[in-house]
Amino acid sequence: MPDWKSLLKRPLSLRKKKNKEPKESNKSDTHIVKSHNNYNEKTSNGNGEETVTVTHVKKITTTDESGHTETQVITYTTEEPLSEFQDNLQTTPHEEVDSTYLQESPHSHPTSGGNHVLHQQQPPTEQKFTSELNRNDTNKNDVPTNSHKNDAKQTLVEDQDPVSQSAPIVTKNFVKHFNSDERDFTKVDHHARNTPSLKTKDIVTLSHHLTSPFPITIDKLRAIYTWIAENIEYDVKALFSGKIHHMEASEVLSKRLAVCDGYGELFNALAKEAKLDTWKISGHAKGAGYSPGADIDSFQFAHAWNGTCVDGEYLLIDSTWGAGVVEGQSFVQRFDPFYFLVTPSKFIYSHLPRKEEEQYLEPPLNKTQFVSLPFVKPPYFTAGLSFITKIPNEIEVDHDKLVFEIERTHPDESKALHAHLAWNGQQVPVFIQRLGGHGKSGGRLYRFHCEIPSKGEGKLNIFVLLNGNQGPLASQLLIRNRGSGTRQGPFVTTFSVPFSFTIINPIHATLKYNSKQVFELVIFDQEESTLPQFCLFTPGKDTQMMKKVEQNLTDGSIKFAIETTLDERGKWNLTYMRDEETLDFIAQYTVQ
(Lines give C-alpha, C1' and ligand atoms only; values in the text may rest on other atoms or scores of the structure.)
Protein backbone atom coordinates (compact mmCIF):
# COMPACT_ATOMS: atom_id res chain seq x y z
CA MET A 1 0.00 0.00 0.00
CA PRO A 2 1.41 3.44 -0.87
CA ASP A 3 3.46 5.15 1.84
CA TRP A 4 1.31 8.29 1.94
CA LYS A 5 -1.34 6.55 4.04
CA SER A 6 0.95 6.37 7.04
CA LEU A 7 1.44 10.11 6.83
CA LEU A 8 -2.28 10.72 7.17
CA LYS A 9 -2.47 8.84 10.49
CA ARG A 10 -1.66 12.13 12.13
CA PRO A 11 -1.49 12.75 15.85
CA LEU A 12 -0.06 16.16 15.09
CA SER A 13 -1.51 18.54 12.53
CA LEU A 14 -1.25 22.09 11.42
CA ARG A 15 -3.57 23.81 9.10
CA LYS A 16 -3.63 27.49 8.24
CA LYS A 17 -7.13 28.86 8.45
CA LYS A 18 -8.37 30.63 5.37
CA ASN A 19 -11.45 32.56 4.53
CA LYS A 20 -14.01 30.54 2.60
CA GLU A 21 -13.63 31.51 -1.01
CA PRO A 22 -13.51 29.74 -4.36
CA LYS A 23 -10.18 27.99 -4.78
CA GLU A 24 -8.18 28.94 -7.82
CA SER A 25 -6.75 26.39 -10.21
CA ASN A 26 -3.30 25.12 -9.19
CA LYS A 27 -3.58 26.60 -5.70
CA SER A 28 -1.73 24.67 -2.99
CA ASP A 29 -2.90 24.02 0.56
CA THR A 30 -0.15 23.00 2.98
CA HIS A 31 -0.71 20.57 5.86
CA ILE A 32 1.87 19.80 8.53
CA VAL A 33 1.93 16.11 9.36
CA LYS A 34 4.13 14.11 11.74
CA SER A 35 3.78 10.35 11.81
CA HIS A 36 2.61 8.57 14.95
CA ASN A 37 6.03 6.95 15.41
CA ASN A 38 7.95 10.20 15.90
CA TYR A 39 5.25 12.10 17.74
CA ASN A 40 7.46 12.74 20.81
CA GLU A 41 10.76 13.00 18.97
CA LYS A 42 12.54 16.13 17.78
CA THR A 43 13.85 16.10 14.25
CA SER A 44 16.74 18.30 13.12
CA ASN A 45 18.22 19.19 9.78
CA GLY A 46 21.90 19.58 9.03
CA ASN A 47 21.95 23.06 10.57
CA GLY A 48 20.58 21.86 13.91
CA GLU A 49 17.11 23.37 13.36
CA GLU A 50 14.03 21.46 14.46
CA THR A 51 11.99 20.34 11.46
CA VAL A 52 8.64 18.79 10.69
CA THR A 53 7.46 16.71 7.77
CA VAL A 54 5.26 18.88 5.55
CA THR A 55 2.71 17.20 3.33
CA HIS A 56 1.76 19.56 0.51
CA VAL A 57 -1.72 18.97 -0.89
CA LYS A 58 -2.14 20.56 -4.29
CA LYS A 59 -5.61 20.86 -5.78
CA ILE A 60 -5.65 21.17 -9.57
CA THR A 61 -8.83 21.97 -11.46
CA THR A 62 -9.02 21.30 -15.20
CA THR A 63 -11.77 21.96 -17.71
CA ASP A 64 -11.97 20.11 -21.03
CA GLU A 65 -13.43 21.35 -24.31
CA SER A 66 -16.92 20.17 -23.41
CA GLY A 67 -16.88 22.27 -20.24
CA HIS A 68 -16.57 19.27 -17.87
CA THR A 69 -14.55 20.20 -14.78
CA GLU A 70 -12.42 17.80 -12.75
CA THR A 71 -10.49 18.45 -9.53
CA GLN A 72 -7.58 16.29 -8.46
CA VAL A 73 -5.35 16.36 -5.39
CA ILE A 74 -1.62 15.66 -5.62
CA THR A 75 0.45 15.21 -2.46
CA TYR A 76 4.18 15.39 -1.83
CA THR A 77 6.29 15.86 1.31
CA THR A 78 9.21 18.08 2.34
CA GLU A 79 11.15 18.78 5.54
CA GLU A 80 10.60 22.37 6.77
CA PRO A 81 11.87 24.38 9.80
CA LEU A 82 9.45 24.03 12.69
CA SER A 83 9.79 27.74 13.53
CA GLU A 84 7.88 28.71 10.37
CA PHE A 85 4.76 26.93 11.60
CA GLN A 86 5.10 27.10 15.41
CA ASP A 87 2.35 29.66 15.91
CA ASN A 88 -0.24 27.45 14.25
CA LEU A 89 0.81 24.11 15.71
CA GLN A 90 -1.96 22.19 17.46
CA THR A 91 -2.03 18.70 18.91
CA THR A 92 -4.86 16.28 18.32
CA PRO A 93 -5.15 12.80 19.81
CA HIS A 94 -4.49 9.80 17.62
CA GLU A 95 -7.76 7.86 17.44
CA GLU A 96 -8.42 4.50 15.85
CA VAL A 97 -11.30 5.07 14.98
CA ASP A 98 -32.90 -1.11 -4.82
CA SER A 99 -36.26 -0.88 -4.88
CA THR A 100 -38.88 -0.58 -7.63
CA TYR A 101 -41.64 2.00 -8.00
CA LEU A 102 -45.10 0.40 -8.03
CA GLN A 103 -43.50 -3.03 -7.65
CA GLU A 104 -41.53 -3.44 -4.43
CA SER A 105 -40.65 -1.54 -1.32
CA PRO A 106 -37.13 -0.04 -1.49
CA HIS A 107 -34.67 -2.90 -0.99
CA SER A 108 -31.36 -2.42 0.74
CA HIS A 109 -27.87 -3.71 0.45
CA PRO A 110 -26.58 -6.08 3.12
CA THR A 111 -24.10 -5.06 5.73
CA SER A 112 -22.64 -7.22 8.43
CA GLY A 113 -22.39 -6.65 12.12
CA GLY A 114 -19.12 -6.88 13.96
CA ASN A 115 -16.91 -5.29 16.58
CA HIS A 116 -16.42 -2.04 14.68
CA VAL A 117 -15.87 1.25 16.49
CA LEU A 118 -16.95 4.41 14.72
CA HIS A 119 -14.90 7.54 15.38
CA GLN A 120 -16.97 9.62 17.80
CA GLN A 121 -16.90 13.33 17.01
CA GLN A 122 -18.55 16.34 18.57
CA PRO A 123 -21.47 17.18 16.28
CA PRO A 124 -21.67 20.74 14.98
CA THR A 125 -24.76 22.84 15.39
CA GLU A 126 -27.71 21.03 13.82
CA GLN A 127 -28.43 22.22 10.30
CA LYS A 128 -31.89 22.08 8.83
CA PHE A 129 -33.53 22.67 5.48
CA THR A 130 -36.76 24.60 5.67
CA SER A 131 -39.16 25.64 2.95
CA GLU A 132 -41.92 28.19 2.95
CA LEU A 133 -43.77 28.72 -0.32
CA ASN A 134 -46.04 31.61 -1.14
CA ARG A 135 -47.31 30.32 -4.45
CA ASN A 136 -50.33 31.57 -6.40
CA ASP A 137 -51.29 29.68 -9.52
CA THR A 138 -52.59 32.87 -11.09
CA ASN A 139 -49.15 34.51 -10.98
CA LYS A 140 -48.42 35.48 -14.54
CA ASN A 141 -44.68 35.73 -13.89
CA ASP A 142 -44.37 32.21 -12.48
CA VAL A 143 -41.95 30.85 -15.07
CA PRO A 144 -39.51 28.04 -14.18
CA THR A 145 -35.90 29.23 -14.21
CA ASN A 146 -32.78 28.31 -12.30
CA SER A 147 -33.97 30.16 -9.18
CA HIS A 148 -36.86 30.17 -6.75
CA LYS A 149 -37.52 33.89 -6.72
CA ASN A 150 -40.92 33.70 -8.41
CA ASP A 151 -42.45 30.67 -6.77
CA ALA A 152 -40.92 30.12 -3.38
CA LYS A 153 -39.54 31.77 -0.33
CA GLN A 154 -36.95 29.30 0.92
CA THR A 155 -34.41 29.31 3.71
CA LEU A 156 -31.51 26.97 3.00
CA VAL A 157 -28.31 26.32 4.91
CA GLU A 158 -25.72 28.65 3.49
CA ASP A 159 -22.85 26.17 3.34
CA GLN A 160 -22.53 23.87 0.38
CA ASP A 161 -22.73 20.10 0.16
CA PRO A 162 -19.56 18.95 1.99
CA VAL A 163 -18.76 16.44 -0.79
CA SER A 164 -18.61 19.26 -3.33
CA GLN A 165 -15.95 20.93 -1.19
CA SER A 166 -13.73 17.82 -1.07
CA ALA A 167 -11.53 16.46 -3.83
CA PRO A 168 -10.37 12.87 -4.38
CA ILE A 169 -6.76 12.26 -3.36
CA VAL A 170 -4.43 10.99 -6.07
CA THR A 171 -0.71 10.21 -6.20
CA LYS A 172 1.99 11.82 -8.30
CA ASN A 173 1.50 8.99 -10.84
CA PHE A 174 -2.09 10.02 -11.50
CA VAL A 175 -3.08 10.28 -15.17
CA LYS A 176 -6.89 10.49 -15.40
CA HIS A 177 -9.96 9.52 -13.43
CA PHE A 178 -11.37 6.05 -14.02
CA ASN A 179 -14.64 6.04 -15.98
CA SER A 180 -16.45 2.71 -16.13
CA ASP A 181 -18.47 3.89 -19.14
CA GLU A 182 -15.27 3.96 -21.20
CA ARG A 183 -14.44 0.30 -20.59
CA ASP A 184 -16.09 -2.84 -21.91
CA PHE A 185 -15.86 -5.69 -19.41
CA THR A 186 -17.91 -8.17 -21.45
CA LYS A 187 -14.99 -10.56 -22.08
CA VAL A 188 -13.70 -10.30 -18.51
CA ASP A 189 -17.13 -10.94 -17.01
CA HIS A 190 -17.73 -13.88 -19.35
CA HIS A 191 -14.41 -15.41 -18.36
CA ALA A 192 -15.17 -15.02 -14.63
CA ARG A 193 -18.72 -16.36 -14.89
CA ASN A 194 -17.56 -19.45 -16.77
CA THR A 195 -14.88 -20.48 -14.33
CA PRO A 196 -14.72 -24.33 -14.12
CA SER A 197 -15.36 -25.76 -10.66
CA LEU A 198 -11.91 -27.45 -10.72
CA LYS A 199 -10.37 -23.97 -10.79
CA THR A 200 -12.08 -22.96 -7.54
CA LYS A 201 -10.51 -25.54 -5.21
CA ASP A 202 -8.16 -23.04 -3.51
CA ILE A 203 -7.14 -19.36 -3.49
CA VAL A 204 -3.99 -19.86 -5.56
CA THR A 205 -5.69 -21.80 -8.36
CA LEU A 206 -8.72 -19.50 -8.54
CA SER A 207 -6.67 -16.30 -8.49
CA HIS A 208 -4.42 -17.54 -11.28
CA HIS A 209 -7.37 -18.62 -13.41
CA LEU A 210 -9.23 -15.32 -12.98
CA THR A 211 -6.35 -12.90 -13.48
CA SER A 212 -3.67 -14.54 -15.64
CA PRO A 213 -5.44 -14.02 -19.02
CA PHE A 214 -5.48 -10.24 -18.54
CA PRO A 215 -2.42 -7.98 -18.60
CA ILE A 216 -4.25 -4.89 -17.30
CA THR A 217 -4.72 -4.38 -13.56
CA ILE A 218 -8.31 -3.15 -13.87
CA ASP A 219 -9.32 -6.28 -15.80
CA LYS A 220 -7.72 -8.52 -13.17
CA LEU A 221 -9.63 -6.73 -10.41
CA ARG A 222 -12.84 -6.93 -12.41
CA ALA A 223 -12.53 -10.69 -12.89
CA ILE A 224 -12.18 -11.16 -9.13
CA TYR A 225 -15.11 -8.82 -8.41
CA THR A 226 -17.41 -10.56 -10.88
CA TRP A 227 -16.59 -14.07 -9.70
CA ILE A 228 -17.17 -13.20 -6.04
CA ALA A 229 -20.40 -11.31 -6.77
CA GLU A 230 -21.75 -14.21 -8.81
CA ASN A 231 -20.68 -17.06 -6.53
CA ILE A 232 -20.68 -15.97 -2.88
CA GLU A 233 -24.06 -15.85 -1.16
CA TYR A 234 -24.71 -13.34 1.59
CA ASP A 235 -25.31 -14.98 4.99
CA VAL A 236 -28.63 -13.40 6.00
CA LYS A 237 -29.07 -15.95 8.80
CA ALA A 238 -25.90 -14.69 10.48
CA LEU A 239 -26.93 -11.07 9.89
CA PHE A 240 -30.34 -11.33 11.52
CA SER A 241 -29.25 -13.66 14.34
CA GLY A 242 -26.24 -11.53 15.21
CA LYS A 243 -24.07 -14.67 15.29
CA ILE A 244 -21.23 -13.36 13.16
CA HIS A 245 -17.67 -14.60 13.33
CA HIS A 246 -14.57 -13.74 11.36
CA MET A 247 -13.93 -16.01 8.39
CA GLU A 248 -10.65 -16.48 6.58
CA ALA A 249 -10.70 -16.28 2.79
CA SER A 250 -10.25 -20.05 2.40
CA GLU A 251 -13.33 -20.70 4.56
CA VAL A 252 -15.42 -18.26 2.51
CA LEU A 253 -14.28 -19.96 -0.69
CA SER A 254 -15.16 -23.37 0.71
CA LYS A 255 -18.60 -22.46 2.09
CA ARG A 256 -19.53 -19.95 -0.64
CA LEU A 257 -21.31 -18.05 2.15
CA ALA A 258 -20.23 -14.95 4.07
CA VAL A 259 -21.10 -11.55 5.47
CA CYS A 260 -19.30 -8.46 4.25
CA ASP A 261 -16.11 -9.14 6.22
CA GLY A 262 -15.76 -12.47 4.44
CA TYR A 263 -16.37 -10.88 1.04
CA GLY A 264 -13.59 -8.39 1.79
CA GLU A 265 -11.21 -11.11 2.99
CA LEU A 266 -11.75 -13.24 -0.11
CA PHE A 267 -11.35 -10.30 -2.48
CA ASN A 268 -8.14 -9.26 -0.74
CA ALA A 269 -6.70 -12.79 -0.78
CA LEU A 270 -7.40 -13.35 -4.49
CA ALA A 271 -5.96 -9.92 -5.34
CA LYS A 272 -2.84 -10.37 -3.20
CA GLU A 273 -2.14 -13.74 -4.81
CA ALA A 274 -2.14 -11.95 -8.18
CA LYS A 275 0.18 -9.27 -6.72
CA LEU A 276 -2.54 -6.62 -6.90
CA ASP A 277 -2.46 -3.75 -4.40
CA THR A 278 -5.69 -3.96 -2.37
CA TRP A 279 -6.69 -3.72 1.28
CA LYS A 280 -9.74 -4.23 3.45
CA ILE A 281 -11.57 -1.24 4.98
CA SER A 282 -13.98 -1.34 7.92
CA GLY A 283 -16.63 1.18 8.87
CA HIS A 284 -20.37 1.77 8.62
CA ALA A 285 -22.65 1.97 5.59
CA LYS A 286 -26.23 2.87 4.74
CA GLY A 287 -27.16 -0.71 3.92
CA ALA A 288 -29.95 -3.19 4.68
CA GLY A 289 -32.67 -1.60 6.78
CA TYR A 290 -31.29 1.92 6.51
CA SER A 291 -33.52 4.87 5.79
CA PRO A 292 -33.07 8.58 6.58
CA GLY A 293 -33.24 9.09 10.33
CA ALA A 294 -31.78 5.67 11.22
CA ASP A 295 -28.90 5.39 13.71
CA ILE A 296 -25.80 4.80 11.59
CA ASP A 297 -23.95 3.58 14.71
CA SER A 298 -26.30 0.61 14.92
CA PHE A 299 -24.71 -2.86 14.83
CA GLN A 300 -26.56 -3.74 11.61
CA PHE A 301 -24.83 -0.97 9.65
CA ALA A 302 -21.27 -2.11 10.44
CA HIS A 303 -19.67 -3.00 7.14
CA ALA A 304 -16.43 -3.86 5.30
CA TRP A 305 -15.20 -3.30 1.76
CA ASN A 306 -11.94 -2.99 -0.21
CA GLY A 307 -9.71 -0.22 -1.45
CA THR A 308 -7.12 -0.09 -4.22
CA CYS A 309 -4.96 2.39 -6.08
CA VAL A 310 -4.97 2.18 -9.88
CA ASP A 311 -2.95 4.54 -12.06
CA GLY A 312 -2.48 6.92 -9.16
CA GLU A 313 -6.17 7.06 -8.22
CA TYR A 314 -7.71 5.65 -5.04
CA LEU A 315 -10.87 3.67 -5.80
CA LEU A 316 -13.29 1.63 -3.67
CA ILE A 317 -14.80 -1.82 -4.21
CA ASP A 318 -17.81 -3.37 -2.46
CA SER A 319 -18.24 -6.93 -3.73
CA THR A 320 -20.90 -7.57 -1.05
CA TRP A 321 -23.24 -4.96 -2.48
CA GLY A 322 -22.21 -5.97 -5.97
CA ALA A 323 -23.49 -9.49 -5.27
CA GLY A 324 -27.13 -8.64 -4.57
CA VAL A 325 -29.64 -7.25 -2.11
CA VAL A 326 -31.47 -8.21 1.04
CA GLU A 327 -35.24 -8.20 0.58
CA GLY A 328 -37.13 -9.01 3.75
CA GLN A 329 -35.29 -11.93 5.35
CA SER A 330 -33.83 -13.25 2.09
CA PHE A 331 -30.79 -12.53 -0.04
CA VAL A 332 -31.43 -12.01 -3.76
CA GLN A 333 -28.37 -12.58 -5.96
CA ARG A 334 -28.27 -9.67 -8.39
CA PHE A 335 -25.00 -8.56 -9.95
CA ASP A 336 -24.42 -4.81 -9.71
CA PRO A 337 -21.37 -3.40 -11.55
CA PHE A 338 -21.74 0.00 -9.87
CA TYR A 339 -19.74 -0.98 -6.79
CA PHE A 340 -16.61 -1.85 -8.76
CA LEU A 341 -13.95 0.88 -8.61
CA VAL A 342 -16.17 3.66 -7.26
CA THR A 343 -14.70 7.13 -6.92
CA PRO A 344 -14.37 8.38 -3.32
CA SER A 345 -16.69 11.34 -3.98
CA LYS A 346 -19.55 8.94 -4.83
CA PHE A 347 -18.69 6.21 -2.32
CA ILE A 348 -18.83 8.61 0.65
CA TYR A 349 -22.59 9.05 0.21
CA SER A 350 -23.12 5.51 1.49
CA HIS A 351 -19.86 4.31 3.14
CA LEU A 352 -18.06 5.88 6.11
CA PRO A 353 -14.72 4.21 6.94
CA ARG A 354 -13.60 3.90 10.56
CA LYS A 355 -10.36 5.72 9.67
CA GLU A 356 -11.00 9.04 7.98
CA GLU A 357 -7.87 8.77 5.81
CA GLU A 358 -9.51 5.82 4.07
CA GLN A 359 -12.13 8.14 2.61
CA TYR A 360 -9.41 9.32 0.17
CA LEU A 361 -10.96 12.79 0.19
CA GLU A 362 -9.35 16.09 1.12
CA PRO A 363 -10.75 17.41 3.34
CA PRO A 364 -12.47 14.29 4.73
CA LEU A 365 -16.04 14.35 6.03
CA ASN A 366 -16.90 13.86 9.68
CA LYS A 367 -19.67 11.53 10.88
CA THR A 368 -22.24 14.31 11.22
CA GLN A 369 -21.65 15.45 7.65
CA PHE A 370 -21.86 11.87 6.40
CA VAL A 371 -25.17 11.22 8.15
CA SER A 372 -26.64 14.46 6.80
CA LEU A 373 -25.85 13.62 3.16
CA PRO A 374 -28.92 12.79 1.08
CA PHE A 375 -29.64 9.07 0.95
CA VAL A 376 -28.93 8.12 -2.66
CA LYS A 377 -28.55 4.85 -4.56
CA PRO A 378 -26.67 3.89 -7.76
CA PRO A 379 -29.40 5.13 -10.17
CA TYR A 380 -28.84 8.62 -8.75
CA PHE A 381 -25.31 8.55 -10.15
CA THR A 382 -25.91 6.53 -13.33
CA ALA A 383 -28.66 8.99 -14.31
CA GLY A 384 -26.27 11.88 -13.63
CA LEU A 385 -28.43 13.45 -10.93
CA SER A 386 -27.31 16.11 -8.47
CA PHE A 387 -29.22 18.39 -6.12
CA ILE A 388 -28.78 22.06 -7.04
CA THR A 389 -28.64 23.24 -3.43
CA LYS A 390 -27.45 21.37 -0.34
CA ILE A 391 -30.19 18.89 0.55
CA PRO A 392 -29.83 16.94 3.81
CA ASN A 393 -31.48 13.57 4.23
CA GLU A 394 -33.84 15.03 6.85
CA ILE A 395 -35.86 18.08 5.80
CA GLU A 396 -38.14 20.22 7.94
CA VAL A 397 -41.00 22.01 6.22
CA ASP A 398 -42.93 24.83 7.89
CA HIS A 399 -46.02 25.30 5.73
CA ASP A 400 -46.91 22.15 3.81
CA LYS A 401 -44.87 22.89 0.67
CA LEU A 402 -41.39 21.94 -0.45
CA VAL A 403 -39.63 22.88 -3.68
CA PHE A 404 -36.15 21.82 -4.79
CA GLU A 405 -34.24 21.38 -8.04
CA ILE A 406 -32.10 18.62 -9.55
CA GLU A 407 -29.67 18.74 -12.46
CA ARG A 408 -29.46 15.72 -14.74
CA THR A 409 -26.32 15.38 -16.85
CA HIS A 410 -27.32 12.07 -18.51
CA PRO A 411 -30.80 12.92 -19.80
CA ASP A 412 -32.82 10.15 -21.39
CA GLU A 413 -36.42 10.85 -22.32
CA SER A 414 -37.16 7.12 -22.21
CA LYS A 415 -36.07 7.07 -18.55
CA ALA A 416 -38.19 9.75 -16.95
CA LEU A 417 -37.92 10.98 -13.38
CA HIS A 418 -40.78 10.26 -11.00
CA ALA A 419 -41.36 11.05 -7.34
CA HIS A 420 -43.98 10.55 -4.67
CA LEU A 421 -44.35 11.25 -0.99
CA ALA A 422 -45.05 8.20 1.16
CA TRP A 423 -47.33 9.67 3.81
CA ASN A 424 -49.53 7.80 6.30
CA GLY A 425 -49.83 4.78 4.02
CA GLN A 426 -50.59 6.83 0.91
CA GLN A 427 -48.53 7.83 -2.13
CA VAL A 428 -48.90 11.59 -2.55
CA PRO A 429 -47.90 12.70 -6.09
CA VAL A 430 -44.98 15.09 -6.58
CA PHE A 431 -45.17 17.48 -9.54
CA ILE A 432 -41.99 17.69 -11.65
CA GLN A 433 -41.20 20.47 -14.11
CA ARG A 434 -38.35 20.54 -16.59
CA LEU A 435 -36.81 24.02 -16.54
CA GLY A 436 -35.42 26.04 -19.39
CA GLY A 437 -31.67 26.50 -19.80
CA HIS A 438 -28.89 24.34 -18.40
CA GLY A 439 -27.28 23.71 -15.02
CA LYS A 440 -23.71 24.42 -13.95
CA SER A 441 -22.56 21.07 -15.38
CA GLY A 442 -24.43 21.59 -18.64
CA GLY A 443 -27.27 19.23 -17.73
CA ARG A 444 -31.03 19.62 -17.74
CA LEU A 445 -32.78 21.16 -14.76
CA TYR A 446 -35.87 19.79 -13.04
CA ARG A 447 -38.01 21.34 -10.31
CA PHE A 448 -39.85 19.14 -7.81
CA HIS A 449 -43.02 20.43 -6.11
CA CYS A 450 -44.08 18.50 -3.01
CA GLU A 451 -47.23 19.42 -1.07
CA ILE A 452 -47.83 17.69 2.24
CA PRO A 453 -51.37 16.75 3.35
CA SER A 454 -50.93 16.95 7.15
CA LYS A 455 -48.59 17.52 10.06
CA GLY A 456 -46.15 14.66 10.63
CA GLU A 457 -43.36 12.91 8.77
CA GLY A 458 -42.94 10.70 5.72
CA LYS A 459 -40.47 9.67 2.99
CA LEU A 460 -39.99 11.46 -0.32
CA ASN A 461 -38.94 8.87 -2.92
CA ILE A 462 -37.34 9.77 -6.26
CA PHE A 463 -37.22 7.16 -9.04
CA VAL A 464 -35.69 6.77 -12.49
CA LEU A 465 -38.36 5.02 -14.56
CA LEU A 466 -36.87 2.40 -16.88
CA ASN A 467 -39.94 0.55 -18.13
CA GLY A 468 -43.14 2.54 -18.27
CA ASN A 469 -44.07 3.38 -14.68
CA GLN A 470 -41.48 1.08 -13.10
CA GLY A 471 -37.94 1.85 -12.07
CA PRO A 472 -35.40 1.80 -9.25
CA LEU A 473 -35.20 4.16 -6.31
CA ALA A 474 -32.62 6.91 -6.83
CA SER A 475 -32.99 8.86 -3.59
CA GLN A 476 -35.05 8.94 -0.40
CA LEU A 477 -35.45 11.92 1.95
CA LEU A 478 -37.15 12.15 5.34
CA ILE A 479 -39.71 14.98 5.39
CA ARG A 480 -41.11 16.49 8.60
CA ASN A 481 -43.98 18.92 8.18
CA ARG A 482 -44.90 21.35 10.93
CA GLY A 483 -47.81 22.73 8.95
CA SER A 484 -51.42 21.60 9.14
CA GLY A 485 -51.77 20.41 5.54
CA THR A 486 -54.35 23.07 4.65
CA ARG A 487 -52.18 24.43 1.83
CA GLN A 488 -51.98 21.10 0.07
CA GLY A 489 -53.98 20.67 -3.13
CA PRO A 490 -54.00 18.08 -5.92
CA PHE A 491 -51.71 18.69 -8.87
CA VAL A 492 -53.02 18.75 -12.41
CA THR A 493 -53.26 15.41 -14.22
CA THR A 494 -51.22 15.16 -17.42
CA PHE A 495 -51.50 12.69 -20.30
CA SER A 496 -49.04 10.90 -22.54
CA VAL A 497 -48.27 12.85 -25.72
CA PRO A 498 -45.72 12.39 -28.55
CA PHE A 499 -43.55 15.35 -27.47
CA SER A 500 -41.69 16.56 -24.38
CA PHE A 501 -43.44 19.33 -22.46
CA THR A 502 -43.71 21.07 -19.12
CA ILE A 503 -46.68 22.89 -17.68
CA ILE A 504 -45.48 26.10 -16.11
CA ASN A 505 -48.80 27.43 -14.94
CA PRO A 506 -51.19 26.48 -13.42
CA ILE A 507 -49.88 23.34 -11.73
CA HIS A 508 -52.91 22.65 -9.53
CA ALA A 509 -55.93 20.73 -10.74
CA THR A 510 -58.62 22.93 -9.17
CA LEU A 511 -59.07 26.54 -10.32
CA LYS A 512 -61.32 29.33 -9.08
CA TYR A 513 -64.44 30.18 -11.07
CA ASN A 514 -64.61 33.63 -12.71
CA SER A 515 -60.93 34.34 -12.06
CA LYS A 516 -58.33 35.39 -14.61
CA GLN A 517 -55.79 32.68 -15.35
CA VAL A 518 -52.62 32.46 -17.42
CA PHE A 519 -51.95 29.04 -18.98
CA GLU A 520 -48.31 28.48 -19.95
CA LEU A 521 -46.81 25.47 -21.67
CA VAL A 522 -43.20 24.82 -22.73
CA ILE A 523 -42.30 22.34 -25.49
CA PHE A 524 -38.79 20.84 -25.64
CA ASP A 525 -36.67 19.13 -28.31
CA GLN A 526 -39.05 19.82 -31.17
CA GLU A 527 -38.68 21.72 -34.42
CA GLU A 528 -41.18 24.56 -34.53
CA SER A 529 -42.34 23.53 -38.01
CA THR A 530 -43.40 20.11 -36.67
CA LEU A 531 -45.37 21.41 -33.72
CA PRO A 532 -49.17 21.17 -33.64
CA GLN A 533 -51.43 24.01 -32.54
CA PHE A 534 -52.17 24.26 -28.82
CA CYS A 535 -55.45 25.41 -27.35
CA LEU A 536 -57.84 25.42 -24.38
CA PHE A 537 -61.00 23.37 -24.71
CA THR A 538 -63.72 24.81 -22.46
CA PRO A 539 -66.71 23.08 -20.79
CA GLY A 540 -68.87 24.75 -23.45
CA LYS A 541 -66.76 23.04 -26.13
CA ASP A 542 -65.17 26.23 -27.38
CA THR A 543 -61.49 26.37 -28.34
CA GLN A 544 -59.15 29.20 -27.36
CA MET A 545 -55.86 29.15 -29.27
CA MET A 546 -52.55 29.56 -27.43
CA LYS A 547 -49.82 31.76 -28.88
CA LYS A 548 -46.05 31.36 -29.02
CA VAL A 549 -44.63 33.91 -26.59
CA GLU A 550 -40.98 32.90 -26.20
CA GLN A 551 -38.27 30.77 -27.81
CA ASN A 552 -35.02 29.80 -26.08
CA LEU A 553 -32.29 29.29 -28.64
CA THR A 554 -29.98 27.79 -26.02
CA ASP A 555 -32.05 24.70 -25.32
CA GLY A 556 -34.53 24.91 -28.20
CA SER A 557 -37.56 25.27 -25.93
CA ILE A 558 -40.69 27.10 -27.10
CA LYS A 559 -43.26 28.60 -24.75
CA PHE A 560 -46.95 28.94 -25.55
CA ALA A 561 -49.42 30.90 -23.43
CA ILE A 562 -52.92 32.30 -23.17
CA GLU A 563 -54.68 34.48 -20.60
CA THR A 564 -58.38 33.95 -20.12
CA THR A 565 -61.26 34.36 -17.70
CA LEU A 566 -62.57 31.10 -16.24
CA ASP A 567 -66.21 31.99 -16.84
CA GLU A 568 -67.54 28.41 -16.94
CA ARG A 569 -67.61 25.77 -14.24
CA GLY A 570 -66.53 22.26 -15.17
CA LYS A 571 -63.61 20.64 -17.02
CA TRP A 572 -61.11 22.83 -18.84
CA ASN A 573 -58.65 20.92 -21.01
CA LEU A 574 -55.21 21.89 -22.26
CA THR A 575 -55.05 20.25 -25.69
CA TYR A 576 -53.22 20.04 -28.99
CA MET A 577 -54.64 19.54 -32.48
CA ARG A 578 -53.59 16.11 -33.76
CA ASP A 579 -55.26 16.97 -37.07
CA GLU A 580 -57.86 19.45 -38.26
CA GLU A 581 -60.68 17.57 -36.58
CA THR A 582 -59.09 15.93 -33.52
CA LEU A 583 -58.05 17.40 -30.18
CA ASP A 584 -55.88 15.33 -27.81
CA PHE A 585 -55.57 16.12 -24.11
CA ILE A 586 -52.36 17.35 -22.49
CA ALA A 587 -53.83 18.19 -19.07
CA GLN A 588 -57.22 18.64 -17.42
CA TYR A 589 -58.42 21.16 -14.82
CA THR A 590 -61.61 21.58 -12.79
CA VAL A 591 -63.08 25.06 -12.38
CA GLN A 592 -65.38 25.48 -9.40
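Okay, so let's start with strand S30, residues 500-505: S30 runs antiparallel to S32, and five bridges hold that pairing together. Keep in mind that this is a predicted model. If you want a spot to click on, go to Thr502, which sits opposite Val522 in S32.

Now, S32 has another pairing as well. With strand S36, residues 558-565, S32 makes eight bridges, again in the antiparallel sense. The place to look there is Lys516, which faces Thr565 in S36.

And how much of S32 is buried? Strand S32 covers residues 516-524, and eight of those nine residues are buried, so by the under 20% relative accessible area cut-off the strand is mostly covered.

Right, moving along to the other sheet I wanted to show you. This one is open, with four strands in the order S20-S22-S26-S25, and the pairing is antiparallel. Which strands stand at the edges? Those are S20, at 385-387, and S25, at 431-435; each has a single partner strand, so one side of each is left without a neighbour in the sheet. As for the twist, going from one strand to the next you get 30° on average.

Let me zoom in on the S22 and S26 pair. Strand S22 is residues 401-408, strand S26 is residues 444-451, and the two run antiparallel with eight bridges between them. Have a look at Phe404 here: across from Phe404, in S26, is Phe448.

So, back to where we came in: S32 pairs with S30 over five bridges, and S32 pairs with S36 over eight. Okay, that's me done, happy to rotate things on screen.

Definitions and conventions
Residues numbered from 1 in each chain as written. Predicted model: local features only at pLDDT ≥ 70, side-chain atom pairs only at ≥ 80, totals over all residues. Heavy atoms only, no water. Pairing = 2+ DSSP bridges. Axes fitted to C-alpha atoms, helices over the stretch in contact; angles between N-to-C directions. Buried < 20%, exposed > 50% of the residue type's maximum accessible area, 1.4 Å probe, protein only.
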